[in-house]
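Reader: Mind walking me through this one? I'd like to go from the strands to the packing, one question at a time.

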Amino acid sequence: MIYNVRGKNIEVTNAIREYVEKKIGKLERYFGTPPSSEVHVNLSVHNDEQRIEVTIPMTDLLLRAEESNNDLYAATDLVVDKLERQIRKYKTKINRKFRQMGAPKHVFAELEREAAVAVNEETEEDDIQIVKKKRFDLKPMDEEEAVLQMDMLGHNFFVFENAETGETNVVYKRNDGKYGLIET
């Protein structure tokens, strides 16, 4: 993996870079062959809080996690744990899909080996349960009106039909308090 480590309000020292690369490098054990992707790591400091954001773009999957802590090394450990959970969840989902499709035994056995985690590691229940479904008509509106609707409802996202393009869009509230727009 190629590491792109950047810092905002923090100098990325060799010690920090090596620690981040060592910890994230441990994720390679989950891949049959190491992905030839670039790992994007953004480190920042704000009000004595250390923040790390990691993005690993892959062919079928985008791994992304972020964590904050008073200690950058602790935040790094937490973000790696979060990424490991994402990988295990994805591999479990793929295994389940192959089981349902009735994949040949040799393919299933190979997937089992790839998805295997350390013997002492506890497994999590990864079942996704949809507990509520909603249906609603999309009202054509502009982005500003959609943000106002979202804020009035007290939600952190809002789906709407863009009056200008006629396409379905989503506005959402970001962690920094600003807004984002997802266009389909």
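Author: Happy to, and keep in mind that this is a predicted model. A good place to begin is strand 2 (residues 38-46) and strand 3 (residues 49-57), which are joined by 7 bridges and run antiparallel.

Reader: Which residue of strand 3 stands opposite L43, and which one opposite N42?

Author: Both pairs sit on the antiparallel ladder of strand 2 and strand 3. L43 has I52 across from it. For N42, the residue opposite in strand 3 is E53.

Reader: How does strand 1 pair with strand 2, parallel or antiparallel?

Author: Strands in a sheet can pair either way through backbone hydrogen bonds. Here one bridge puts N4 together with H40 of strand 2. Strand 1 and strand 2 have 7 bridges between them, and the sense is parallel.

Reader: What is the strand order of that sheet, and which strands are at the edges?

Author: It's an open sheet of 4 strands with mixed pairing, in the order 1-2-3-4. An edge strand pairs on one side only, and that singles out strand 1 (2-8) and strand 4 (62-69). Direction ignored, neighbouring strands of this sheet are turned against each other by an average of 10°.

Reader: And where does the sheet fit in the whole chain: what is the order of helices and strands along the sequence?

Author: The protein has 4 helices and 8 strands. Along the sequence they follow β-α-β-β-β-α-α-β-α-β-β-β.

Reader: Back to the hairpin of strand 2 and strand 3: which residue there takes a positive phi near 50°?

Author: Most residues other than glycine have a negative phi, so a positive one is worth a look. The hairpin leaves 2 residues between its strands. D48, in the loop between strand 2 and strand 3, has a positive phi near 60° and is exposed at 64% relative accessibility. The residue with the value near 50° is N47.

Reader: N9 also has a positive phi, so where is N9 found, and is it buried or exposed?

Author: The phi of N9 is about 65°, and N9 isn't a glycine. N9 belongs to the loop between strand 1 and helix 1. Exposed takes over 50% relative accessible area; N9 has 62%, so it counts as exposed.

Reader: Let's turn to packing. Which element gives the largest share of the largest nonpolar core?

Author: In soluble globular proteins, nonpolar side chains tend to be buried together. This core has 21 residues, and I24, L27, V41, I52, V54 and I56 touch the most other members. Two or more residues come from each of strand 1, helix 1, strand 2, strand 3, strand 4 and helix 2. The largest share, 6 residues, is from helix 2.

Reader: How many residues are in the second core?

Author: That core is separate, and its members include M141, M150, F160 and V171. The count is 7 residues.

Reader: Which residues is I52 in contact with, neighbours within four places in sequence aside?

Author: I52 is one of the core residues touching the most other members, and it stands opposite L43. With those sequence neighbours left aside, I52 is in contact with V20, V41, N42, L43, A65, E66, E67, A75, T76 and V79.

Reader: E67 is on that list, so what separates the C-alpha atoms of E67 and E53?

Author: E67 is in strand 4. Beyond four places in sequence, E67 touches Q50, R51, I52, A75, L78, V79 and K82. E67 and E53 are 14 residues apart along the chain, with their C-alpha atoms separated by 6.7 Å.

Reader: Now the rings: what kind of aromatic pair do Y19 and Y73 form?

Author: The count comes to 1 aromatic pair. Y19 and Y73 are 4.7 Å apart centre to centre, with 90° between the planes. Planes over 60 degrees apart count as edge-to-face, so the pair of Y19 and Y73 is edge-to-face.

Reader: Why does that pair tie together parts that are apart in sequence?

Author: Y19 lies in helix 1 (residues 14-25), while Y73 lies in helix 2 (residues 72-101). Y19 is partly exposed at 21% relative accessible area, and Y73 is partly exposed at 32%. Since the two rings sit in those two helices, the parts tied together are 54 residues apart.

Reader: Last one: what percentage of the residues is buried?

Author: Buried means under 20% relative accessible area. The protein has 184 residues, and the buried ones make up 27%.

Conventions:
Residues numbered from 1 in each chain as written. Predicted model: local features only at pLDDT ≥ 70, side-chain atom pairs only at ≥ 80, totals over all residues. Heavy atoms only, no water. Buried < 20%, exposed > 50% of the residue type's maximum accessible area, 1.4 Å probe, protein only. Pairing = 2+ DSSP bridges. Axes fitted to C-alpha atoms, helices over the stretch in contact; angles between N-to-C directions. Phe/Tyr/Trp six-rings, centres within 6.5 Å; stacked < 30°, edge-to-face > 60°. Core = buried A, V, L, I, M, F, W, Y, C linked by side-chain atoms within 4.5 Å. Contact = heavy atoms within 4.5 Å.
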